[in-house]
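Please open the model in your viewer and keep the sequence panel beside it. The tour below moves from one selection to the next and says what can be found at each stop.

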Amino acid sequence: MSEAKRRPLELEVIKRALETNVARICERLLPDGKRKGIWWLDSVPWRVDKHPSLFVNLDSGRWKDCGRDETGDLFEMIERTDKCDFYEAALKVGRMLGVIT
């Protein structure tokens, strides 16, 4: 989406919705993964990964790529997976959770 066409997003609304829907986002973004306690485990989608090396904490929404010792939040995970910027990632989350159209 071009910079000129971007509309303001209600980030606080999106963040609040995300806080209570981390598992739902993981199920949609990482459908081959599985829940193990408070963790969602899957292979890292943005690189070649033969074993589940991506751990997403379902309470905090933070992820860790154990193969590369990298961490981030769900917005960063979407940025990497979809090769997009923060705005596009936030827009995707907001639409997935139905808080923006």
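What follows is a walk through a predicted model, beginning with a helix and then turning to charged side chains.

**First stop: helix α1.** Select residues 11-19, which make up helix α1, and colour I14, A17 and L18, the buried residues of this helix. If you then turn the view so that you look down the axis of α1, these buried residues fall within an arc of 100°, and therefore line one face of the helix. To see what this face meets, add α2 (22-29), α3 (74-82) and α4 (86-96) to the selection, since the buried residues of α1 pack against these three helices.

**Second stop: D42.** Move next to strand β2, residues 39-42, where D42 is found. Which side chain of opposite charge is nearest to D42? It is K34, but at 9.7 Å away, and D42, although buried, has no salt bridge. What the side chain of D42 does reach is the backbone nitrogen of G33, at 3.3 Å. Showing the surroundings of D42, with neighbours within four places in sequence left aside, brings up its contacts with L30, D32, G33, D49, P52, S53 and L54.

**Third stop: the salt bridges.** Over the whole structure, a search finds four salt bridges, and the selections below visit some of them.

Begin with D65 and R47, whose closest N and O atoms are 2.7 Å apart in a salt bridge. This pair links distant parts of the chain, for D65 belongs to strand β4 (residues 62-65), while R47 sits in the loop between β2 and β3 (54-57), 18 residues apart. Are these two partners buried or exposed? Both D65 and R47 are buried.

Then select K64 together with D69, which form a salt bridge with their closest N and O atoms 2.7 Å apart. K64 counts as partly exposed because its relative accessibility is 31%, whereas D69, at 57%, counts as exposed.

Finish with E70 and R80, a salt bridge in which the closest N and O atoms are 2.9 Å apart. E70 lies in strand β5 (residues 70-73) and R80 in helix α3, so that this pair ties together parts that are ten residues apart in sequence. With a relative accessible area of 25%, E70 is partly exposed, and R80, with a relative accessible area of 32%, is partly exposed as well.

Technical notes: Residues are numbered from 1 along each chain as its sequence is written. This is a predicted model: local features need pLDDT of at least 70, side-chain atom pairs count only at pLDDT 80 or more; totals for chains, interfaces and linings use all residues. Side-chain values use heavy atoms; hydrogens and water are left out. Buried means under 20% relative accessible area, exposed over 50%, partly exposed in between (1.4 Å probe, protein chains only). Helices (H or I, at least four residues) and strands (E, at least two) are DSSP runs, numbered from the N terminus. The arc is that of the directions from the helix axis to the C-beta atoms. Contact means heavy atoms within 4.5 Å. Lys and Arg count as positive and Asp and Glu as negative; His and the chain ends are not counted. A polar contact is a pair of N or O atoms within 3.5 Å; within protein, one must be able to donate a hydrogen and the other to accept it, and residues adjacent in sequence count only if both atoms are side-chain atoms.
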